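Trainee: Hi, could you walk me through this one? I'd like to start with the RNA.
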Amino acid sequence: MKIDVTLPDGTVRSYDEGATAMDVAKSISEGLARNVLAAKVNGEVRDANRPLPRNCSLALLTWNDAEGKSTMWHSSAHLLAEAVEALYPGTKFGIGPPIEQGFYYDIDLGERTIGDGDFAAIEAKMKELASKKLVFERRAVPKAEAIAYFTDKGDEYKLELLEGLQDGEITFYTQGNFTDLCRGPHIPDTGSIKAVKVMSVAGAYWRGDEKRKQLTRLYAIAFPKQKELDEYLVLLEEAKKRDHRKLGKEMDLFTFSERVGAGLPLWLPKGAALRERLIDFMKTAQEEAGYVQVATPHIGSKQLYVTSGHWEKYGKDSFQPINTPQEGEQFMLKPMNCPHHCEIFASRPRSYKDLPLRLAEFGTVYRYEQSGELHGLARVRGFTQDDAHLFCRPDQVKEEFLKVIDLVLLVLKALNFEHFEAQVSLRDKEDRSKYIGSDENWEKAEQAIIDAAAECGMKTVVEYGEAAFYGPKLDFMVKDALGRRWQLGTIQVDYNLPERFELEYVGSDNAKHRPVMIHRAPFGSLERFIAVIIEHSAGRFPLWLAPEQAVILPVSDKFVEVAQGLAKQLKALKIRTSVDERNEKVGRKIRDAELAKSPFMLVVGEKEAADNTVAVREHGQGDLGSMSTVAFAAMIQERIKEQLALA
RNA sequence: GCCUUUGUAGCUCAGGGGUAGAGCACUUCCUUGGUAAGGAAGAGGUCCCGGGUUCAAUUCCCGGCAAAGGCUCCA
């Protein structure tokens, strides 16, 4: 009997019955066979050494496929477990899945602990075991036998996992001396695991439940080549160098104070100016797009949030109400601006002719985050949103989405983000009971979002079931210079708040209608956005945003006055500049200016003083030669225009 | 909040039961210079906070605070 195997390119090959994916690989080339980690058979990832079903489609998975990679990491987790069991006999095992960057295994060491100092020994053991090319053997096991095995071993975690499994669907995988309850699939043998690194150790609750026992989680990563591990470590180093917390300190942008409180950033002059520039940029763009600015206080009565529903949903996990001393009234620090904006909408009768009404505010909001969740500027307890709420008619949703997408694209361009996609979150296809708002409106809005994203030519991913209960949304997923993904910018339809605040407008039919509300924040929060752009740009901000655009370096004390005159000229032309008046040599001043990431350095000495020119040096580019002061200013302004898409 | 790690000069970090260390930054002086570190001298500390052990604690122990990583990615 022969079986037919269809390969991804459409070719059909014939094999003897019982052939495995590995056999197919070998028939194509030895090199391919060496690299095969797993196989995708009829869309399902399986062991490469399992016999293929008759007439199937087959894709051979290697390190270059996401699924091949995660299979390798999953197998590496088993290898980690084997090493740990060898070094720490009696260890009990929880789960050990692959993750985005590597894998982990949750283990219970009893009274023992593992620290950074133990990693090297674990890595050495893993490498030793891996080099034996231990084969991963799959075996279907009756439930009773599986229970007997782990009872005998004394591993209560595996026993608990077994409870949730049906007899007949249980499989064991064994490599070397280690047998694990596992669905698989796995790589053929441990030989392809050439480089491993234990990254960190952390506590993790069994089954993610904080009431249950905390296990020790070992994070690690593995590669088929030492070189790839080295490159990965270099990338981590680069990420560390770009860490916004480090750069923020070096560049005097912001700081934190224990006395002020954790998660409450203090903006230093240069950082505050940076914020202002971002705000100005957005205000200008919003003004053109027909927004109006509003301003609302930092607190609001508790009743406001009872009305909005936020009290019920987030009340006990928020900063608790502030009480007035005399009347005992309760106020909340505002966790969002929308309830205030709803009241502005409701402050007078609205006609359909007033819509869309676009209320914008750089509103600072306060949210309680658990102390362990705080992270530099990326996760704080007080932050400013570039918030706006668009009140419109259902038929205006698409138009408004288009305009907001334009705004976000403008932001992404101005900050040199080149890789991004739209993630559209829609209702669950099956269960529609958990959503508020009419079916008709939802369908209209969902279609409007999809159409708007398509019209803008955005790469779009649609996620069903990811919508909030109050409406569908579109998020921008952005890749930074190191290939890390961030969620920036969000546009959300909301049917809930207009309902709760009983917002209305008078239609052309002279009847009352409920407006649709759209929340949107292109930056998201200024704090988080700045964290991302610091890391994306490694602190080398686009010229229009840079704290200082040019630093003037007099060749010696004799030319300080000339330099000051030049600074005055440039400032009049709206170029941010300063003079390095220190009694140092030019070489030293240049070095310091390069390290400070000043975009341009202007060297002035006898020659420049004589003919009113500047010797221009660009950061990271070197000497650009001399030009007149006017020409330099024009060049800067030209570059900024281009960057901001104003040209 | 919980687990692991960390907390020493403005910054980066070494050290260690008995008077506190380096490099950079800072101050002063010398030097007056042309595209990535000129030279010298000096100043700078509640060794995170509180308690305990000790003749003696920055060091060891306990507690707190803050920071970093993790606690979602289901054998």
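Trainee: Sure, so which residues come nearest to RNA strand B?
Mentor: Of the 50 residues around RNA strand B, the nearest are L181, S371, S556, N583 and R588; "near" means a heavy atom within 4 Å of the strand. Keep in mind that this is a predicted model, where local features need pLDDT of at least 70, side-chain atom pairs count only at pLDDT 80 or more, and totals for chains, interfaces and linings use all residues. Residues are numbered from 1 along each chain as written, chains are lettered from A in the order written, and side-chain values use heavy atoms, without hydrogens or water.

Trainee: What does the side chain of S371 reach on the RNA?
Mentor: A phosphate oxygen of RNA strand B, 2.3 Å from an N or O atom of the S371 side chain. Polar contacts here are pairs of N or O atoms within 3.5 Å.

Trainee: And which side chains go to the bases?
Mentor: Among them, E373 has a side-chain N or O atom 3.4 Å from a base nitrogen, and S556 has one 3.4 Å from a base oxygen.

Trainee: Which element gives the largest share of that surface?
Mentor: α18, with 6 residues; helices are DSSP runs of H or I with at least four residues, numbered from the N terminus.

Trainee: New topic: how do α9 and α13 pack?
Mentor: Helix α9 (residues 269-288) and helix α13 (residues 397-414) pack at about 145°, axes 11 Å apart. Axes are lines fitted to C-alpha atoms over the stretch in contact, with angles from 0 to 180 degrees between N-to-C directions.

Trainee: Which residues of α9 make the contact?
Mentor: F281, M282, A285 and Q286, meeting L407, L410, V411 and A414 of α13, where contact means heavy atoms within 4.5 Å.

Key:
Polar contact = N/O pair within 3.5 Å; in protein donor to acceptor, adjacent residues only side chain to side chain. Helix = DSSP H or I, 4+ residues; strand = E, 2+ residues; numbered from the N terminus.
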